[in-house]
Amino acid sequence: WGLLLLSAALAPRGMAAARCPAPCVCDNLRAHVLCLNGNLTAIPSTIPELTKKLDLRGNSFMVIPVGAFLTTPYLTHLELQRCKVERLEEGAFRGLGRLVYLNLASNAIALLYQESLDGLSSLQHLILEGNRIEEIQPGAFGRLGSLSVLDLRANALVYLPDMVFQGLQALKWLRLSHNALHVLGSEAFTALPALRRLSLDHNELQALPGDALARLDGATRLDLGHNPITYVAEEALAMASLKHLFLDHAALQDVAPDAFARSPQLRTLDLRENQLQGLPPLAGGLARVSLAGNPLFCSCLLRPFHNWLARAGVQAEGSCAAPPALRGRSLDSLRPPEMTCGHPRMPPSPAVPSEQPGAAGSGQCPQGCTCSPEFHHGSCDNRGLRHIPWGFPRDTRLLDLRRNTFGTVPPDAFPGLKELVSLHLQSCGIRALHPGALRGLESLVYLYLTDNHLSTLPATAFEGAPQLAYLDLDRNAFARLPTSAFQFLPNLTSLHLQHNAIGELAEVDLVGARGLRWLYLAGNAIGRIAPAALAPAKMLEKLHLEGNLLDEVPTAALWGLPTLSELKLSRNPIKHVRDGAFLPVASSLQHLYLDNMGLERISHGAFSGLGPKIRSLYLESNKMSNIPDMSNFTGLEILNLRDVPFHCDCQLLPLRRWIDKLNLRVGATCGSPAEARGLKVKLSTTFQTCPGWGRGEAGRTSPDKTKAASKPIKKKRSGKSPARGFKKSRA
C-alpha cells in the first residue's frame with residue numbers, strides 16, 4: 001500500500017486523476033497500463049490520458065477502429081499481440097504521434113490499407129510477424145518516415161509490387177522471412193536509402209532478384225537462405241555496400257565466376273547445405289566462403305578454385321564428398337597433387353545424385369541437365385540445347401530451361417510432368433508454341449516465355465494446363481493479343497505482354513480470361529481499345545497501359561470493370577482529358593497515373609464520380625495550367641503536381657486553398673505570370689488581390705507565418721515519402 005500511495009503521489013496529474021479501467025493494472029509511477037489476456041472486445045476508453053506504455057496482449061478486439069487511441073496521445077509503446085485482430089481500419093492509430101514501438105504480431109490481419117498506419121510519424125519499430133498479410137497496398141507505409149525496423153515475417157506474401165515500401169526513408173532492417181514470395185517488382189525496394197539489412201530467407205524465390213536488389217546501395221547484409229535458387233548468373237548481384245551474403249540451404253548447383261563482381265565490398269559468402277559439387281574462382285574481394293554440407297567433388301576440376309583460395313587468402317569451410325580417397329577431407333587440408341584428373345567428368349555424388357533410376361516417383365535426369373530430388377527441381381539452363389529434353393523425374397515441380405535455342409515447343413513437349421508448377425523458357429529463341437505444347441501439365445501455375453520471338457499463339461497452345469495463373473510474354477513480337485488463346489486458362493490471374501508491338505485491343509482478344517486480375521501492356525504501340533475489349537476480364541484490378549499511343553482516355557472500354565483499382569496511362573500522347581473520363585470505374589479506382597503525357601487540358605468534369613476512394617494521383621510533367629476541383633478527394637495519400645506550369649491567377653485560387661489544407665507535398669509551382677514563375681503555388685502572393693482572399697490566408701503567406709508553418713513540414717519530411725520521383729519537393 002505504501003508503494004501504491006507513493007506512486008499516486010509522484011504520478012503525473014492526469015495519471016493520478018484517472019481511474020484504472022477494469023480488468024487492467026496501472027503503474028502510475030511509470031505511466032504503464034497492463035490489460036493482459038482478458039476478454040476485452042474493445043479498446044478501453046478510460047485509460048489514463050498520460051499513459052506512455054499500454055499492453056493489451058491476449059484480448060479479442062477483431063477490429064481496431066478509427067481513432068481507437070485518440071484519448072491516449074502520449075503513448076510511446078503499444079502491445080497488441082494475440083488479440084485476434086483481423087482488420088486495421090484506416091486511421092486506427094491517428095493521434096499517436098509519439099508512439100515509437102507497435103507490436104501487432106500473431107493476429108489475423110490479411111491486408112494493409114493505405115491509411116491503416118496513418119498518424120504514426122514517430123514510429124521506429126513495427127512488428128507484424130505471424131499475421132495473414134497477403135497484400136500490401138503501395139503507400140501503406142508512406143507516413144512512417146521514422147521507422148527503423150519493419151518485421152513482416154511469417155505472413156502470406158507472394159508478390160511485392162513496385163514502390164511498396166515508399167516513404168520508409170529511415171528503415172534499417174526489413175524482415176520478410178517465412179513468406180511465400182515468388183515475384184519481386186524491379187522497383188520493390190526503391191526509396192530505402194537507409195536500409196542496411198534485408199531478410200528474404202525462407203521464401204519461394206527461384207532466382208536471385210537482381211533488379212530489385214540493385215536499388216539497395218547501402219545494404220550490408222542480405223539473407224536469401226532457404227529459397228529454391230538453383231543458379232547465380234554472371235553479375236547477378238550489384239549491391240555496392242554488401243558485405244555479408246547468405247545463400248545457405250538453397251538449391252544451388254552452380255555459381256558463375258563473375259556472379260558477385262558488381263558487389264565489390266562482399267566479404268562473407270555463406271553457401272552451406274546446397275548441391276554444389278564445385279565452384280570456379282570468384283571475382284571480388286571475398287574473405288570467407290562457407291561450403292559445409294555441399295557434395296564437393298575434389299578432383300582436378302576443383303583445383304582452380306582451391307588455388308584461388310590460397311592465392312587470395314580466402315578462408316573456406318567445407319569437405320570433400322568424393323572421390324572416395326578424399327571423402328571427409330577439409331578443403332584447407334588438400335594439396336594440389338591429391339586433386340587428380342583421373343575422372344574426365346564429375347560423377348554423381350551419393351548425397352545428390354544427378355540421375356535417379358528406379359527412384360520412387362522419379363525418372364532419369366536427361367544428359368547435361370541436373371535434377372534435385374530434395375527440391376524437385378530440374379535445370380538445363382544455358383546448355384546449348386536445340387531440343388527440349390525428355391526424361392525428367394516425374395515429381396519435378398520446377399523446370400529451368402532458360403537460355404537455350406529451342407526455336408519451337410512441339411506438341412506434348414513435357415510428358416509425364418503432371419506435378420510441374422513452374423516452367424522457365426526465357427531467352428530460348430522460341431518462334432512457335434505448337435497446339436498441345438503444354439498438354440499434360442495439370443499442375444502448372446507459372447509459365448515464363450519472356451525474351452523470345454513469339455508473334456502468335458494457336459487457340460490450343462495452352463490446352464492441358466488449366467491451373468496456369470501467371471503467364472509472362474514480355475518482350476516478344478506480338479502485334480496483337482493472341483486471340484482465343486486464353487479459353488483454356490480459366491485460372492489465369494496475371495498476364496504480362498509488355499514491350500511487344502501490339503497496336504490495338506479487339507473485342508475478342510481476352511475471351512476466356514474471365515479470372516484475369518492484372519493485365520500489363522506497357523511499352524506497346526496501342527492506339528485503340530475497342531469498347532468491349534476488356535469486358536471478358538470482369539475481375540480486372542490492375543490495367544497498365546503506360547508508354548503506348550493512346551490519344552484519349554479509353555472510357556468506353558472501362559465499362560464492366562467493377563473492381564479496377566489501378567489504371568496507368570502514363571507516357572501516352574493524351575492532350576485532353578474529357579468530362580466523365582473515369583465514370584465507368586469511379587466506384588473502385590484508387591490509383592490513377594496521368595503523368596508525362598504532354599497533357600494540356602483537363603475538363604471541369606473529367607474527374608466526375610471520383611472521390612474519397614482515390615489514394616494516389618500522378619499528374620506530374622504535363623502542360624496544363626489549371627486542374628478541376630478535387631476537394632472531394634479526401635483520401636489522397638499521394639498527389640504529384642511537379643513540373644506542371646500552373647497559371648497562378650485568381651482562377652487557380654480554389655486549387656491554392658485546397659493545397660493549403662492538404663497534409664501532402666505535391667510539388668506544385670507557378671509557370672506564370674512572370675512575377676510568380678518558379679514559386680511554390682502555396683507561397684505565391686499573386687492570389688492576395690483576388691476577391692475573397694481572406695485575412696487568415698494572407699497571414700499564411702507572411703514571412704513569419706511561413707517560417708512557422710514550415711517547421712512541422714520539415715519534421716515530416718523523413719516521415720512521409722511524397723509522390724513518386726520527387727523526394728524533396730514541397731507544395
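**Exercise 1.** Determine what share of the chain's residues counts as buried, and describe the exposed surface.

*Solution.* Of the 731 residues, 54% count as buried, where buried means under 20% relative accessible area, exposed over 50%, and partly exposed in between (1.4 Å probe, protein chains only). The chain exposes about 30,000 Å², of which carbon and sulfur atoms supply 52%; these areas come from the Shrake-Rupley method with a 1.4 Å probe, and for residues only the protein chains shown count as cover.

The model is predicted: local features need pLDDT of at least 70, side-chain atom pairs count only at pLDDT 80 or more, and totals for chains, interfaces and linings use all residues. Residues are numbered from 1 along each chain as its sequence is written, and side-chain values use heavy atoms, with hydrogens and water left out.

**Exercise 2.** Establish how the buried residues of helix H4 are arranged.

*Solution.* Step 1: H4 spans residues 303-312, with Phe305, His306, Trp308 and Leu309 buried. Helices (H or I, at least four residues) and strands (E, at least two) are DSSP runs, numbered from the N terminus.
Step 2: Viewed down the axis, these buried residues fall within an arc of 160° (directions from the helix axis to the C-beta atoms), so they line one face of H4.
Step 3: Ala310 and Arg311, on the other side, are exposed.

**Exercise 3.** Characterise the surroundings of Ser616.

*Solution.* Step 1: Ser616 lies in strand E42 (residues 616-618) and counts as buried because its relative accessibility is 3%.
Step 2: Beyond neighbours within four places in sequence, Ser616 contacts (heavy atoms within 4.5 Å) Gln590, His591, Leu592, Leu636 and Ile638.
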